[in-house]
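Thanks for coming, everyone. Please take a look at the model on the screen, and then I will walk you through it.

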There are 2 protein chains.
Amino acid sequence: MDNDQITRKERERIWHRTEILSKALDLFSEKGFHNVSMQDIAVRSEYAVGTLYNFFQSKEQLFEELRNNCADKILHVLGPILETDESEEQKLRNFIKTHSESTEENLKFIKMYVSAYGTLTPTQSSSDSDKKSYEVKAMLINKIKEVVNTGIAKKVLKPIDTEIYVLSLVSSLQAFILESSKSYDKAKVKRGLANLESLFLDLLISK
Amino acid sequence: MDNDQITRKERERIWHRTEILSKALDLFSEKGFHNVSMQDIAVRSEYAVGTLYNFFQSKEQLFEELRNNCADKILHVLGPILETDESEEQKLRNFIKTHSESTEENLKFIKMYVSAYGTLTPTQSSSDSDKKSYEVKAMLINKIKEVVNTGIAKKVLKPIDTEIYVLSLVSSLQAFILESSKSYDKAKVKRGLANLESLFLDLLISK
DNA sequence: TCATAATATGAATATACATTCTATGTTGGT
DNA sequence: ACCAACATAGAATGTATATTCATATTATGA
């Protein structure tokens, strides 16, 4: 129980927290923020309502934590892909492909986010607690723009309107992921993403 | 006051109804379904809360009516564009271009819808009252698919995965409209749509 | 002008939660 | 086994807001 090592109690507490977060995420992604009550979360996570408040200040705060986790995870998975030393073309291909793996995990986040705020495309910062996940999204979008712009500057990609291209790419990926969540079929998702890839890459590569 | 002509009273009643609907639409599109109270609608429309219930059974039902109006309007504007006797290419171009006119009007609907359900892309019928607007959207998407497929069959368009193409086109248009709603600048919207048009048409036309 | 019907009103009621609080269990050290 | 310290429980409280309803206002036509 010395002070630089975490106690079992602390470990358990953290574990319980993540359990609650995980069940809450399931619920939020199924029904959306407003249609999930603390009661619901309590039942699903097999804790009492009061107990939830030992872990989280409020429903808002619980939700916010999920949102931030989400942002972190997405940035962590997708960010590095755009920073390798491969060609711009390859970076973009990898970026799109990766969505088939991160989908199962991130789908819930996407759904949750979308169900609460309506869109994943950055909008005027809805509330204020929103900030972090908003920044993360903006950051990611900027990285993609950068890759495309660099490619264009190097003349390995066709010159196009980067703004529109990236908006289109990102929204298409999101729509696709939401769409595939209906009937989850890994093979189908792979195929769809491959098609999306050739769709969007054809635009950038002169044959 | 004979029975086949509408009385002034009835006309007024209808007018009052649409006034309420219009103000409610403003509110819903600004803040989303859950963040607007009947009180809010009453104040904005300059009626008392109780009066609203003379016109609508419930908040839900009021919202549902707006949703259906929305679906009808969209279908009415965009449907015919896909049914002219122009070339498939031209139909698609017109479809995209038309978004710059219908934007101001439809933006509110889109925002309202999105703020309540998270996406405009058809998903599994969320509730059940959703049915109509769901069907309308599916119908529209099918029409676009048909146009693309016909074009491909006639060999005037390049063969691609229609499913993905249409999903991508529609979601990009929506994202773009939401995006442009931030800073409303008609010229910019036109330019953006022109770029989207060439983006998506390039994919279908072999130079 | 008055009686009646139709509308509109907003205070009162009902309901659905978020949040708090006290009682009850549980754990780990002695 | 006993005692803190801590964790859990779920009933009680407070609040926001959808919905109702008794009353007031207005319109209609004799």
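First, a term: a residue is near a molecule or strand if its C-beta atom, placed from the backbone, lies within 6 Å of it. Next, some ground rules. This is a predicted model, where local features need pLDDT of at least 70, side-chain atom pairs count only at pLDDT 80 or more, and totals for chains, interfaces and linings use all residues. Residues are numbered from 1 along each chain as its sequence is written, while chains are lettered from A and ligands numbered from 1 in the order in which they are written.

Let's start with the DNA. Which residues are closest to DNA strand C? They are A:S37, A:G50, A:S58, B:A48 and B:G50, out of 20 residues that surround the strand.

Now the helices. Helices (H or I, at least four residues) and strands (E, at least two) are DSSP runs, numbered from the N terminus. Chain A supplies at least two residues to the surface near DNA strand C from each of α2 (38–45), α3 (49–55) and α4 (59–78), and chain B does so from each of α1 (8–31) and α3 (49–55). The most comes from α3(B), with four residues.

What about chemistry? Ala, Val, Leu, Ile, Met, Phe, Trp, Tyr, Cys and Pro count as nonpolar, Asp, Glu, Lys and Arg as charged, and the others, Gly among them, as polar. Near DNA strand C we have seven nonpolar, eight polar and five charged residues.

On to DNA strand D. Here 18 residues surround the strand, and A:A48, A:G50, B:S37, B:G50 and B:S58 are the closest. At least two residues each come from α1 (8–31) and α3 of chain A, and from α2 (38–45) and α3 of chain B. This time α3(A) gives the most, with four residues. The classes are six nonpolar, eight polar and four charged.

Next, chain A by itself. Its secondary structure is eight helices and zero strands. A residue is buried if 20 or more other C-beta atoms lie within 10 Å of its own, exposed if 12 or fewer, and partly exposed in between, with C-beta atoms placed from the backbone. By that count, 30% of the 207 residues of chain A are buried.

Now one helix pair. Axes are lines fitted to C-alpha atoms, for helices over the stretch in contact, and angles run from 0 to 180 degrees between N-to-C directions. The axes of α1(A) and α4(A) come within 10 Å and cross at roughly 90 degrees. The two helices are therefore roughly perpendicular, a label for angles of 65 to 115 degrees.

Who meets whom? Two residues are in contact if their C-beta atoms, placed from the backbone, lie within 7 Å. On the α1(A) side are A:L21, A:A24, A:L25 and A:F28, and on the α4(A) side A:L62, A:F63, A:E65 and A:L66. That contact has seven nonpolar residues, no polar ones and one charged. A:A24 touches A:I41, A:L62 and A:L66, not counting residues up to four places away in sequence.

Last, a backbone detail. Most residues other than glycine have a negative phi. A:K155 has a positive phi, near 60 degrees. A:K155 sits in the loop between α6 (131–153) and α7 (162–180) of chain A. A:K155 is exposed, with 9 other C-beta atoms within 10 Å. In chain B, phi of B:K155 is near 65 degrees, also positive.

Key:
Angles under 35 degrees count as roughly parallel, over 145 as roughly antiparallel, 65 to 115 as roughly perpendicular and the rest as oblique.
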